[in-house]
Amino acid sequence: METKRITTLRHTALFGCLTEEELADIAQRAVELHFKKGEMLFLSGEEAKGLFVVVSGKIRVFQQDPDGREQVMHVDTAGSVIADVPVFDDGLYPASAVSEFETEVLFIGKRCMHQFCLRYPTLALTALRLMASRVRRHAQLVEALSFHDVGHRLASFLITEGQNAGSRAQGRIAFQLLLSNNEIASRIGSVRDVVARAFARLKHDGLIDMKGRALIIPDLRALKLYAASADSAGTTVQADYQRG
């Protein structure tokens, strides 16, 4: 069982920098946890007791406003590390996390992580680099929500989904869109009805074709150009704001 833990840690961006002996040391202190579908790992605002390494399954990390509307921060699968930020800044969990499928994780307590960083400087430097990368990604998310309309955000989302899960031939991508409009809305910071209208607009403009949950991007380059058109518009708005 410890071999499985070492293998899991080795395939993460945070712990992959360590030697076999160092990984074995951490694996001995890790606790295996199992979550059923829909079970919460932690809630936003709770005391952060440690971080989680995903062994199998899928976890959705999100924030929720008082009306119950979700904004998904990220969806994590095997090899991901969750809740590392509050472990290092001694803050509360900044978001909530729920298991979307049967999920297995390794839990490493906050005090243990602090000890490991002091013992293994390479781990501390890697954590610092990953924190910087996380800040950059969140800045990009804020920019997308601030300057891109729902149609452009939906286009970017579909491009990513298609490239990850679709079959591709000569610029054409076909894949099954498994998420509902409500779930997609939570991914891109919108609501279901607006997403439905954005889908209709993309289909009307010939940028996508849908039959049930089967989605086709007939020309990936055209959809990328449409998504990228929001970047230039957003840059102009941001520049005007900074000048004004």
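**Exercise 1. Determine how strand S1 pairs with strand S8, and place that pair within its sheet.**

Step 1. In this predicted model, strand S1 and strand S8, the latter covering residues 103-109, are paired in the antiparallel sense, and five bridges connect them. One of the residue pairs can be named: histidine 34 has glutamate 104 in S8 as its bridge partner.

Step 2. Widening the view to the sheet, one finds four strands in the order S1-S8-S3-S6, which form an open sheet with antiparallel pairing. At its edges stand S1 and strand S6 (81-82), each of which pairs on one side only.

Step 3. Helix H4, residues 110-119, packs on this sheet, where it touches strand S3 (50-56) and S8, and its direction makes about 65 degrees with that of S8.

**Exercise 2. Locate lysine 36 and decide whether its side is buried or exposed.**

Step 1. Along the chain, lysine 36 belongs to the loop between strand S1 (31-35) and strand S2 (40-42).

Step 2. The relative accessible area of lysine 36 is 59%, and a residue counts as exposed when this value is over 50%; lysine 36 is therefore exposed.

Step 3. Once its neighbours within four places in sequence are left aside, lysine 36 is in contact with Ser99, Phe101 and Glu102. Between lysine 36 and glutamate 100 the C-alpha to C-alpha distance is 8.2 Å, although 64 residues separate them in sequence.

**Exercise 3. Describe the hairpin of S4 and S5, and find the residue in it that takes a positive phi.**

Step 1. Strand S4 (residues 59-64) and strand S5 (residues 70-76) run antiparallel and are joined by six bridges. Within this pairing, isoleucine 59 has aspartate 76 of S5 as its bridge partner.

Step 2. Five residues lie between the two strands of the hairpin, and glycine 68 is the residue that takes a positive phi, near 90 degrees.

**Exercise 4. Find where serine 186 lies, and classify it as buried or exposed.**

Step 1. Serine 186 is part of helix H7, which spans residues 181-188.

Step 2. Its relative accessibility is 9%, and the limit for a buried residue is under 20%, so serine 186 counts as buried.

Step 3. Apart from neighbours within four places in sequence, serine 186 has contacts with Glu70, Gln71 and Val72. Strand S5, residues 70-76, is the element in which these numbers fall.

**Exercise 5. Work out the strand order of the sheet that contains S9, and identify the helix that packs on it.**

Step 1. The order is S9-S10-S12-S11, four strands that form an open sheet with antiparallel pairing. Strand S9 (167-169) and strand S11 (209-211) are the edge strands, each pairing on one side only. On average, and with direction ignored, neighbouring strands of this sheet are turned by 15 degrees against each other.

Step 2. S11 is joined by three bridges to strand S12 (residues 214-217), and the two run antiparallel; here methionine 210 has leucine 215 in S12 as its bridge partner.

Step 3. The helix sought is H6 (residues 150-165), which packs on the sheet while touching S9, strand S10 (172-176) and S12, and whose direction makes about 85 degrees with that of S10.

**Exercise 6. Summarise the protein chain as a whole by its secondary structure, burial and contacts.**

Step 1. The secondary structure comes to nine helices and twelve strands, and 42% of the 244 residues count as buried.

Step 2. Of the contacts between residues at least 6 apart in sequence, 71% join residues at least 24 apart.

Step 3. The chain exposes about 13,500 Å², of which carbon and sulfur atoms supply 53%.

Conventions
Residues numbered from 1 in each chain as written. Predicted model: local features only at pLDDT ≥ 70, side-chain atom pairs only at ≥ 80, totals over all residues. Heavy atoms only, no water. Pairing = 2+ DSSP bridges. Buried < 20%, exposed > 50% of the residue type's maximum accessible area, 1.4 Å probe, protein only. Contact = heavy atoms within 4.5 Å. Areas by Shrake-Rupley, 256 points an atom, 1.4 Å probe, with all protein chains shown as cover. Axes fitted to C-alpha atoms, helices over the stretch in contact; angles between N-to-C directions.
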